[in-house]
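Student: Could you take me through one part of this model up close? I'd like the helix packing and what surrounds it.

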Amino acid sequence: MNITFTDQRLENIFAKARQGSRLSREDGICIYETSDLMGVGQIANHVRSQRHGKKAYYIYNQHINYTNICKNRCRFCAYARNENDDDAYAWSMADIEQRLMGRIDEPVDELHIVGGLNETLGFDYFIDLLKTVKRIRPDAAVKAFTCVEIDYLSRLSGLGLEQTISQLKDAGLDMMPGGGAEVLNTRIHDALFPKKIDHNRWKQIVKAVHAAGIKTNATMLYGHIETIEERVDHLIALRDIQDETAGFSAFIPLAFHSQNTRLSHLPPTTAMDDLKAVAAARLMLDNFDHIKAYWVMIGEPLAQVALSFGADDLDGTIIEERITHTAGARSAKGLTRDQMENMVRKAGFEPVQRDSFYNPRTMQPNP
Ligand code: V47
Ligand code: SF4
């Protein structure tokens, strides 16, 4: 396969990608710096095609954001509230049951459950939450809690990290989403999310979770104050952890939305930023099987294009996404399975409905 590059530095990166050699920090910086977007995209697409051919995965999922009360108050977050705010909420088990029952006739394969750090909820609430979900949806996978919540729960339970993870697993925790890492960097931590766990604690927790046999995803929140070097170092930090644990399932670049946040002066990410984020991840994270283009954050049309820039997964049907929509996302709040499949086919790929562990699902009837 030949690619005509306008930036000759990409020749060397393409040669490495073809040989399956690991890209360096300098290669990562070049991928972000170059204006040869099509060149980068073609290399990423080559790697993507070798791993996944024309397959593009998606899952039938439901989000449950059990509370928006959060003591961390990260500067980039539009979702969190103080306990006394008018629109603060914390769902009871009856509320959660009602949400699950409201969609019980749909073939939901995964419950994606995250929330704020709400000091009014005890450790029992989280065990109840997992057990309630498992009781009502025994066949669906429970993908719940970020490392930030696990850290919080280990303090709340007083049981220590390993015992806390083990109790959550026994109650029904099947895997964990990738949020909470933001950018693994002290400067950004101190400037944007000083109350949240730092990169050392995040790494310690994710390794403990992987050691307990629980797969997680990983993310990077980009498009705020981070530099190109900090993005590349974040990807390399994740790659190093994956070498050690093999516990990451997918990586999801998260495009920052500034509306209703304390960073509302920042402009939205561009299509160039979003496609580079996907391609850089595909090329730098050579030990990750899956790269998601999260349509909620970059919009459905660009997510289609991202399938040709290294992404092999569009996340899910979702319904009722709250975190990004509070921060101004203009994408739909959810998609039907037909819309999802149509999106994939129109982009020239083959839709594969999957479960949480990337096993293809046999088609169930449409709701
Ligand atoms: O942890 C918060 C980010 C994350 C904003 O693992 C924001 O399959 C953009 O992690 N603009 C939650 N992003 C979402 C998340 C996720 C989403 C889809 C799939 C998976 C997965 C994980 O969203 C948070 C934070 O990093 N976030 N505020 C904002 N204003
Ligand atoms: Fe809380 Fe998460 Fe929002 Fe930070 S990003 S304020 S931890 S809900």
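Tutor: Here is a walk from one helix pair to the core and then to some loop residues.

This is a predicted model, where local features need pLDDT of at least 70 and side-chain atom pairs count only at pLDDT 80 or more, while totals for chains, interfaces and linings use all residues. Residues are numbered from 1 along each chain as its sequence is written, chains are lettered from A and ligands numbered from 1 in written order, and side-chain values use heavy atoms, leaving out hydrogens and water.

Let's start with helix H9 (residues 199-211) and H10, whose axes come within 11 Å and cross at roughly 30 degrees. That makes H9 roughly parallel to H10 (angles under 35 degrees count as roughly parallel, over 145 as roughly antiparallel, 65 to 115 as roughly perpendicular and the rest as oblique). Axes here are lines fitted to C-alpha atoms, for helices over the stretch in contact, with angles from 0 to 180 degrees between N-to-C directions. Helices (H or I, at least four residues) and strands (E, at least two) are DSSP runs, numbered from the N terminus. H9 supplies Trp202, Lys203, Val206, Lys207 and His210 to the contact, and H10 supplies Ala237, Leu238, Ile241, Glu244 and Thr245; contact means heavy atoms within 4.5 Å.

Trp202 turns up again in the largest nonpolar core, which has 120 residues; Phe145, Trp202 and Phe251 have the most contacts inside it. Such a core is a set of buried Ala, Val, Leu, Ile, Met, Phe, Trp, Tyr and Cys residues joined through side-chain atoms within 4.5 Å, and buried means under 20% relative accessible area, exposed over 50%, partly exposed in between (1.4 Å probe, protein chains only).

H10 (228-245) also helps cover the buried residues of H2, as do helix H1 (9-19) and strand E6 (215-222), among others. Those buried residues of H2 (25-33) are Asp27, Gly28, Ile29, Cys30, Ile31 and Tyr32.

Back to Phe145: leaving out residues up to four places away in sequence, its contacts include Tyr66, Val114, Met176 and Pro177. Thr146 sits in the loop between strand E4 (141-144) and helix H6 (147-157), and with the same exclusion touches Val114, Met176, Pro177, Gly179 and Gly180. At 10% relative accessibility, Thr146 counts as buried.

Glu182 lies in the loop between strand E5 (175-176) and helix H8 (186-192). Though not a glycine, Glu182 has a positive phi of about 55 degrees, and at 6% relative accessibility counts as buried.
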